[in-house]
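Q: Could you take a close look at one part of this model for me? I'd like to hear about a nonpolar patch on the surface and the helix behind it.

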Amino acid sequence: MTTGEAPKRIEAFRQLANERAARMNLAWIAFEQNQVRESLAEFARELHTLKGEASLMGFPAATELAHAIEDAIRPVVDKEQAPSAELGDRVLGALDALAETIAGEPGAPTSAKVKRLIAEIAKTGAAKPAKEGPAPASTPAEFVSTPAPEPSASTPAAPAGPTARAGDTIRVTAKKLDQVRDAIGELL
(Lines give C-alpha, C1' and ligand atoms only; values in the text may rest on other atoms or scores of the structure.)
Protein backbone atom coordinates (compact mmCIF):
# COMPACT_ATOMS: atom_id res chain seq x y z
CA MET A 1 0.00 0.00 0.00
CA THR A 2 1.46 3.34 -0.96
CA THR A 3 1.57 6.30 1.39
CA GLY A 4 -1.27 8.05 -0.46
CA GLU A 5 -3.55 5.00 -0.34
CA ALA A 6 -3.49 4.58 3.45
CA PRO A 7 -5.34 7.82 4.31
CA LYS A 8 -7.93 7.10 1.62
CA ARG A 9 -8.59 3.62 3.01
CA ILE A 10 -8.79 4.88 6.55
CA GLU A 11 -11.24 7.61 5.53
CA ALA A 12 -13.35 5.07 3.61
CA PHE A 13 -13.34 2.82 6.69
CA ARG A 14 -14.39 5.70 8.94
CA GLN A 15 -17.26 6.61 6.66
CA LEU A 16 -18.46 2.99 6.51
CA ALA A 17 -18.01 2.61 10.29
CA ASN A 18 -20.12 5.70 10.95
CA GLU A 19 -22.87 4.29 8.71
CA ARG A 20 -22.70 0.98 10.59
CA ALA A 21 -22.84 2.77 13.94
CA ALA A 22 -25.95 4.66 12.85
CA ARG A 23 -27.64 1.41 11.75
CA MET A 24 -26.63 -0.24 15.04
CA ASN A 25 -28.13 2.64 17.05
CA LEU A 26 -31.41 2.35 15.17
CA ALA A 27 -31.46 -1.45 15.41
CA TRP A 28 -30.78 -1.43 19.17
CA ILE A 29 -33.46 1.18 19.82
CA ALA A 30 -35.95 -0.77 17.67
CA PHE A 31 -35.12 -3.92 19.62
CA GLU A 32 -35.53 -2.20 22.99
CA GLN A 33 -38.83 -0.60 22.05
CA ASN A 34 -40.45 -3.53 20.24
CA GLN A 35 -38.39 -6.59 21.25
CA VAL A 36 -38.06 -7.49 17.56
CA ARG A 37 -35.44 -10.25 17.37
CA GLU A 38 -34.57 -9.31 13.78
CA SER A 39 -33.43 -5.88 14.98
CA LEU A 40 -31.18 -7.53 17.55
CA ALA A 41 -29.80 -9.90 14.91
CA GLU A 42 -29.07 -6.94 12.62
CA PHE A 43 -27.34 -5.14 15.49
CA ALA A 44 -25.18 -8.18 16.25
CA ARG A 45 -24.22 -8.65 12.56
CA GLU A 46 -23.26 -5.01 12.10
CA LEU A 47 -21.28 -5.01 15.36
CA HIS A 48 -19.39 -8.17 14.47
CA THR A 49 -18.56 -6.82 11.02
CA LEU A 50 -17.41 -3.49 12.43
CA LYS A 51 -15.22 -5.31 14.94
CA GLY A 52 -13.49 -7.20 12.14
CA GLU A 53 -13.07 -4.11 9.98
CA ALA A 54 -11.62 -2.13 12.90
CA SER A 55 -9.16 -4.92 13.54
CA LEU A 56 -8.09 -5.02 9.89
CA MET A 57 -7.64 -1.26 9.77
CA GLY A 58 -5.59 -1.12 12.97
CA PHE A 59 -8.01 0.36 15.51
CA PRO A 60 -7.40 -1.83 18.60
CA ALA A 61 -9.54 0.29 20.96
CA ALA A 62 -12.55 0.00 18.64
CA THR A 63 -11.95 -3.73 18.30
CA GLU A 64 -11.80 -4.21 22.09
CA LEU A 65 -14.88 -2.10 22.66
CA ALA A 66 -16.90 -3.91 19.98
CA HIS A 67 -15.85 -7.24 21.48
CA ALA A 68 -16.97 -6.09 24.94
CA ILE A 69 -20.36 -5.08 23.55
CA GLU A 70 -20.71 -8.48 21.85
CA ASP A 71 -19.94 -10.26 25.11
CA ALA A 72 -22.39 -8.07 27.04
CA ILE A 73 -25.30 -8.69 24.67
CA ARG A 74 -24.61 -12.41 24.17
CA PRO A 75 -27.07 -13.47 26.94
CA VAL A 76 -29.75 -11.33 25.28
CA VAL A 77 -28.95 -12.70 21.81
CA ASP A 78 -29.00 -16.26 23.18
CA LYS A 79 -32.35 -15.52 24.87
CA GLU A 80 -30.90 -16.27 28.31
CA GLN A 81 -32.01 -12.93 29.71
CA ALA A 82 -33.98 -9.85 28.74
CA PRO A 83 -32.11 -6.60 28.14
CA SER A 84 -32.08 -4.32 31.14
CA ALA A 85 -32.44 -0.56 30.85
CA GLU A 86 -28.92 -0.26 32.26
CA LEU A 87 -27.53 -2.55 29.54
CA GLY A 88 -29.34 -0.52 26.89
CA ASP A 89 -27.85 2.70 28.19
CA ARG A 90 -24.37 1.17 28.30
CA VAL A 91 -24.67 -0.21 24.76
CA LEU A 92 -25.77 3.15 23.36
CA GLY A 93 -23.01 4.92 25.28
CA ALA A 94 -20.49 2.38 24.04
CA LEU A 95 -21.60 2.99 20.45
CA ASP A 96 -20.84 6.69 20.92
CA ALA A 97 -17.42 5.81 22.34
CA LEU A 98 -16.88 3.42 19.43
CA ALA A 99 -17.41 6.29 17.00
CA GLU A 100 -14.88 8.38 18.97
CA THR A 101 -12.24 5.65 18.82
CA ILE A 102 -12.70 5.29 15.07
CA ALA A 103 -12.30 9.05 14.64
CA GLY A 104 -8.93 8.78 16.40
CA GLU A 105 -5.62 7.69 14.95
CA PRO A 106 -5.11 4.10 13.79
CA GLY A 107 -2.94 2.10 16.17
CA ALA A 108 -3.70 4.39 19.11
CA PRO A 109 -3.70 2.48 22.40
CA THR A 110 -6.92 1.98 24.29
CA SER A 111 -7.54 5.01 26.48
CA ALA A 112 -8.29 4.80 30.18
CA LYS A 113 -11.81 6.08 29.44
CA VAL A 114 -12.48 3.24 26.99
CA LYS A 115 -10.98 0.67 29.37
CA ARG A 116 -13.33 1.91 32.11
CA LEU A 117 -16.26 1.69 29.72
CA ILE A 118 -15.29 -1.86 28.73
CA ALA A 119 -15.20 -2.86 32.41
CA GLU A 120 -18.60 -1.24 33.04
CA ILE A 121 -20.12 -2.99 30.03
CA ALA A 122 -18.71 -6.32 31.15
CA LYS A 123 -20.16 -5.85 34.63
CA THR A 124 -23.55 -4.75 33.29
CA GLY A 125 -23.79 -7.47 30.68
CA ALA A 126 -22.74 -10.32 32.94
CA ALA A 127 -25.26 -13.08 32.49
CA LYS A 128 -27.33 -13.89 35.51
CA PRO A 129 -27.72 -17.65 35.80
CA ALA A 130 -31.26 -18.96 35.57
CA LYS A 131 -30.69 -21.13 38.65
CA GLU A 132 -27.98 -21.50 41.22
CA GLY A 133 -25.42 -24.19 40.67
CA PRO A 134 -21.88 -24.77 39.55
CA ALA A 135 -20.78 -23.31 36.26
CA PRO A 136 -20.29 -25.78 33.43
CA ALA A 137 -16.78 -27.18 33.35
CA SER A 138 -16.43 -27.09 29.60
CA THR A 139 -17.06 -24.63 26.81
CA PRO A 140 -20.43 -25.02 25.08
CA ALA A 141 -20.20 -26.85 21.78
CA GLU A 142 -21.33 -23.82 19.80
CA PHE A 143 -18.20 -21.92 20.88
CA VAL A 144 -15.70 -24.73 20.32
CA SER A 145 -13.56 -24.19 17.25
CA THR A 146 -12.09 -27.22 15.56
CA PRO A 147 -9.81 -26.93 12.56
CA ALA A 148 -11.17 -28.29 9.32
CA PRO A 149 -9.12 -31.04 7.69
CA GLU A 150 -7.12 -30.03 4.65
CA PRO A 151 -8.67 -31.45 1.48
CA SER A 152 -6.51 -34.04 -0.19
CA ALA A 153 -6.16 -34.83 -3.86
CA SER A 154 -8.22 -38.00 -3.39
CA THR A 155 -11.11 -36.15 -1.74
CA PRO A 156 -13.97 -35.66 -4.20
CA ALA A 157 -14.90 -32.06 -4.88
CA ALA A 158 -18.10 -30.69 -3.41
CA PRO A 159 -20.99 -30.44 -5.85
CA ALA A 160 -21.25 -27.08 -7.56
CA GLY A 161 -24.21 -24.83 -6.92
CA PRO A 162 -25.95 -23.35 -3.92
CA THR A 163 -26.70 -26.35 -1.71
CA ALA A 164 -26.45 -24.66 1.70
CA ARG A 165 -29.61 -23.82 3.58
CA ALA A 166 -30.16 -21.08 6.12
CA GLY A 167 -28.64 -22.14 9.42
CA ASP A 168 -26.09 -24.47 7.83
CA THR A 169 -22.45 -23.94 8.64
CA ILE A 170 -19.34 -24.35 6.58
CA ARG A 171 -15.75 -24.98 7.55
CA VAL A 172 -12.99 -22.91 6.09
CA THR A 173 -9.27 -23.46 6.50
CA ALA A 174 -7.26 -20.79 8.23
CA LYS A 175 -5.32 -20.21 5.01
CA LYS A 176 -8.53 -19.48 3.07
CA LEU A 177 -9.76 -17.22 5.87
CA ASP A 178 -6.49 -15.27 5.73
CA GLN A 179 -6.92 -14.89 1.97
CA VAL A 180 -10.45 -13.53 2.43
CA ARG A 181 -9.27 -11.15 5.16
CA ASP A 182 -6.47 -9.90 2.90
CA ALA A 183 -8.94 -9.37 0.04
CA ILE A 184 -11.28 -7.41 2.34
CA GLY A 185 -8.35 -5.31 3.49
CA GLU A 186 -7.52 -4.53 -0.11
CA LEU A 187 -11.13 -3.60 -0.83
CA LEU A 188 -11.23 -1.24 2.12
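A: First, what counts as a patch here: its residues have over 30% relative accessible area and no salt bridge, and nonpolar side chains are joined within 5 Å. Bear in mind that this is a predicted model. With that in hand, L56, V180 and I184 make a nonpolar surface patch of about 210 Å².

Let's start from L56. Its relative accessibility is 32%, so L56 counts as partly exposed; the class runs between the buried cut-off of under 20% and the exposed one of over 50%. L56 sits in helix α2, which covers residues 37–57.

Now for the partner of that helix. α2 packs with helix α1 (residues 5–34), the axes being 8 Å apart and the angle about 160 degrees. Angles over 145 degrees count as roughly antiparallel, and α1 and α2 are therefore roughly antiparallel to each other. As for handedness, the crossing of α1 past α2 is left-handed.

Stepping back, the chain has six helices and zero strands, so to speak an α-α-α-α-α-α run from the N terminus on. Of its 188 residues, 29% count as buried.

For a contrast with L56, try G88, which is placed in helix α4 (residues 85–103). G88 has a relative accessible area of 0%, which means that G88 is buried. Between G88 and T124 there are 9.6 Å in space, C-alpha to C-alpha, and the two are 36 residues apart in sequence.

Technical notes. Residues numbered from 1 in each chain as written. Predicted model: local features only at pLDDT ≥ 70, side-chain atom pairs only at ≥ 80, totals over all residues. Heavy atoms only, no water. Patch = residues over 30% accessible without salt bridge, like charges linked within 9 Å, V, L, I, M, F, W, Y side chains within 5 Å. Areas by Shrake-Rupley, 256 points an atom, 1.4 Å probe, with all protein chains shown as cover. Salt bridge = Lys/Arg side-chain N within 4 Å of Asp/Glu carboxyl O. Helix = DSSP H or I, 4+ residues; strand = E, 2+ residues; numbered from the N terminus. Buried < 20%, exposed > 50% of the residue type's maximum accessible area, 1.4 Å probe, protein only. Axes fitted to C-alpha atoms, helices over the stretch in contact; angles between N-to-C directions. Parallel < 35°, antiparallel > 145°, perpendicular 65-115°, else oblique. Left-handed = near helix turned anticlockwise from the far one by under 90°.
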